[in-house]
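Thanks for making the time this morning. I would like to walk you through one structure, going from a few side-chain details to the overall picture.

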Amino acid sequence: MADNSFSDGAPSDSSEAAKDASATEKLTDQVMQNPQVLAALQERLDSVSHTPSSYIETLPKAVKRRINALKQLQVKCAHIEAKFYEEVHDLERKYAALYQPLFDKRREFVTGDVEPTDAESEWHSENEEEDKLAGDMKSKVVIAEKEAEAAEEPAPKGIPEFWFTIFRNVDMLSELVQEYDEPILKHLQDIKVKFSDPGQPMSFVLEFHFEPNDYFTNSVLTKTYKMKSEPDKADPFSFEGPEIVDCDGCTIDWKKGKNVTVKTIKKKQKHKGRGTVRTITKQVPNDSFFNFFSPLKASGDGESLDEDSEFTLASDFEIGHFFRERIVPRAVLYFTGEAIEDDDNFEEGEEGEEEELEGDEEAEEEDDADASLKV
């Protein structure tokens, strides 16, 4: 009887398994008949099969060999491009010498060492006619008041707080400036860019010229940015021109009690044995624009920096580049705010154009959809 009961149970198990398999097959058939599922699977297959790397792997060895030859040509192109940028740097050096007399005169006007002539002071604005009419109307009313004020108050020398105003106007710089930095920056008289000499490693120096002040004895603070214009041996195809790779600051000779880059704090210490408490003073780093002259050093020993350090270093490089490319050449326009308005308008124009294009694409897609429905 035991043998019969066992043999009777075996067919029952196999029939249950067959039923499960049949149900699974039916469910699979139903899923695969769903057009959304099929479309998703096809899209997944297309994305896998159409990736560049997967396509290259399917090519014959002879074709891969020719592709490798093209890569060698591309590396040679990168080295030629590096030579091009070296010559561009030579041109920058040449034209910097032509700009410098104009920048020297700019400094003289800013500091008040030289007064511009009437011809040098003449400027015709875009809205000159409107300004003239408005000026004529206003001048009849306020000319007496202005003359009285001019008689009472002496005319300031040069253009007061010229560079400090630029720092306030430019967000990238104003974020670095603390309230206690402001009195020092008001003594800033000029910023210059000096390029490396011919035959020397590519670099540029920012020179910040200060008038005598109560904070430090330096007349010039410098920041040197070292550049590289050659393809990386490990990744030559990433080369896109010269890049800043490191920077050096300078020592600021602070007068006693005037160093704004550190602050003094008081800390209580308790003796473990006697239980007595004493108060000690300690100097700790303080946020200040003048930390700009004590930069974080790039890692030259192959060790990677942490994320915060990498961000700080990248920001430092960006600020140095901005001084060189924008602030120094166009200082008066950042003083008046015109350069900032131009930058904002350009960025808005780019975004607006992109949005408009997206709108056109959506309109085309809607038109196509309407056409397909009509068909």
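**Rings, core and loops**

Let me begin with a charge and a ring: K258 lies over the face of Y215, 5.5 Å from the ring centre. Please keep in mind throughout that this is a predicted model. There is a second arrangement of this kind, in which R324 is placed over the face of F204, at 4.9 Å from the centre of that ring.

F204 also takes us to the strands, since it is the residue in β2 that stands opposite F195. Strand β1, residues 188-195, and strand β2, residues 203-210, pair in the antiparallel sense over seven bridges. How much of β1 is buried? Seven of its eight residues are, so this strand is largely enclosed by the rest of the structure.

Staying with aromatic residues, a search of the whole structure finds 24 aromatic pairs. Ring pairs join F167, F208, F210, F216, W254, F289, F290, F292, F293 and F323 into a cluster. Several of these names return when we turn to the core, because the largest nonpolar core, which has 47 residues, has F167, F208, F290 and F323 as the residues with the most contacts inside it, and buried here means under 20% relative accessible area. The largest share of that core, six residues, is contributed by helix α10, residues 307-327.

What does F323 touch, if we leave out residues up to four places away in sequence? Its partners are F167, L173, I191, L206, F208, F292, V328 and P329.

F167 leads us on to helix α7, where F162, W163, F164, T165, I166 and F167 are buried. With six of the eight residues in this helix (162-169) buried, α7 is largely enclosed by the rest of the structure. E161, by contrast, is found in the loop between α6 (128-152) and α7, and its relative accessibility of 30% means that it counts as partly exposed. I would also point out its backbone, because the phi of E161 is near 55°, a positive value in a residue other than glycine.

Now to another loop, the one between β2 and β3 (220-228), which is where T217 has its place. Is T217 buried or exposed? At 54% relative accessibility, T217 counts as exposed. The C-alpha atoms of T217 and W254 are separated by 6.7 Å, although these two residues are 37 residues apart along the chain. When residues up to four places away in sequence are not counted, T217 touches D253 and K255.

For those of you who think about cysteine chemistry, a search of the whole structure finds zero disulfides. C247 counts as buried, because its relative accessibility is 0%, and C250 is buried as well, with a relative accessible area of 18%.

Finally, the overall picture. The protein has twelve helices and six strands, and buried residues make up 22% of its 375 residues. Among contacts between residues at least 6 apart in sequence, 59% join residues that are at least 24 apart.

Key. Residues are numbered from 1 along each chain as its sequence is written. This is a predicted model: local features need pLDDT of at least 70, side-chain atom pairs count only at pLDDT 80 or more; totals for chains, interfaces and linings use all residues. Side-chain values use heavy atoms; hydrogens and water are left out. Buried means under 20% relative accessible area, exposed over 50%, partly exposed in between (1.4 Å probe, protein chains only). Helices (H or I, at least four residues) and strands (E, at least two) are DSSP runs, numbered from the N terminus. Rings of Phe, Tyr and Trp (its six-membered ring) pair if their centres lie within 6.5 Å; planes under 30 degrees apart count as stacked, over 60 as edge-to-face and the rest as tilted. A charge sits over a ring if NZ of Lys or CZ of Arg is within 6 Å of the ring centre and within 35 degrees of the ring normal. A disulfide is a pair of cysteine sulfur atoms within 2.5 Å. Two strands pair if DSSP finds at least two bridges between them. A nonpolar core is a set of buried Ala, Val, Leu, Ile, Met, Phe, Trp, Tyr and Cys residues joined through side-chain atoms within 4.5 Å. Contact means heavy atoms within 4.5 Å.
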